[in-house]
Amino acid sequence: MTTLVRLAKRNPGSSVDDFRRQADAASDWSSAVPHGLRSATQALTLAGAYRRGEPACDMIDELAFDDQASAARCLADPAFAAAWASPLLDPASIVCLVVEEHVAKPGPVGASFVKNYELVTKRPDMGRAEFDRYWAQVHGPLAATIPTIRRYVQAHLSPATQDTDAAPYDGLAITWFDDVAAMRAGAATEAYAKTRADEANFLAGELPFVITTERTTFPPA
């Protein structure tokens, strides 16, 4: 499975409330269906996050395809490109990642949950293969021990993207929790402290993160 991920900010001058009310219109993926779109989700940053300033992004979309070739054909379609560059979004802010998922902690997610995205950048002195290996085989099992994480998925850059060096991030660490209180409880555990201490072994600096709620945008309800 290959996933197209769009990270984006709202257009300058648009209020958070207005953007959230119109967000449905920014994720119409009917043009992706002929290219084999399997599923799509839209994650919006929690409203409370704006009390601390502007988050890294306002919206994250994930579009799943069977393989990399299908995702590439979709990206090359002008109709899809127009939908991707929604007028509700700041064009300069739109980031596209083509990723393959590694499930580090499987598990069911309840009907009500929050989803946390961490934007991952590898240590510059670390080769790509070693970074992917360490993240999946060493750090992943460590982070999976944080007790309040319901599910944990690593989104690694697809091989074709790795070859271009065009992506601004090296992947996404995606975790699901029952609620924000569960996230805070997890951050108070010894497992969390060990996980954070390990980050210096393969990551560059701090991890920008976005806490979101999510809805399915394809297939339609």
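Here is a friendly exchange between a biologist and a modeller about a predicted model.

Modeller: Local features here need pLDDT of at least 70, side-chain atom pairs count only at pLDDT 80 or more, and totals for chains, interfaces and linings use all residues. Residues are numbered from 1 along each chain as its sequence is written, and side-chain values use heavy atoms, with hydrogens and water left out.

Biologist: Glad to start with the sheet; in what order do the strands of the closed barrel run?

Modeller: Strands are DSSP runs of E with at least two residues, helices are runs of H or I with at least four, and both are numbered from the N terminus. Two strands pair if DSSP finds at least two bridges between them. The barrel has eight strands with antiparallel pairing, in the order β1-β3-β2-β8-β5-β7-β6-β4.

Biologist: Lovely, and which residue is the bridge partner of Q42 in β8?

Modeller: Strand β2 (residues 39-45) runs antiparallel to β8, and six bridges join them. Within β8, Q42 has as its bridge partner R215.

Biologist: On another edge, which residue in β7 does Y152 stand opposite?

Modeller: Strand β6 (residues 151-157) pairs with β7 in the antiparallel sense over six bridges. Opposite Y152, in β7, stands T175.

Biologist: Then α4 packs on the sheet; what angle does its direction make with that of β6?

Modeller: Contact means heavy atoms within 4.5 Å, and by that rule α4 touches β4, β5, β6 and β7. Axes are lines fitted to C-alpha atoms, for helices over the stretch in contact, and angles run from 0 to 180 degrees between N-to-C directions. Between α4 and β6 the angle is about 175 degrees.

Biologist: Turning to α6, why are its buried residues on the same side?

Modeller: Buried means under 20% relative accessible area, exposed over 50%, and partly exposed in between (1.4 Å probe, protein chains only). In α6 (residues 180-187) the buried residues are A182, M183 and G186. The arc is taken from the directions from the helix axis to the C-beta atoms. They share a side of α6 because the arc they cover is only 105 degrees.

Biologist: Which residues are exposed on the other side of α6?

Modeller: The buried residues of α6 pack against β5 (114-120), β7 (171-177), α7 and β8 (209-218). Exposed on the other side are A181 and R184.

Biologist: Last one: which exposed residues does α7 carry on the face turned away from its buried side?

Modeller: Helix α7 (residues 190-198) has A191, T195 and D198 buried. What covers those residues includes α4 (128-143). The face turned away carries E190 and A197.
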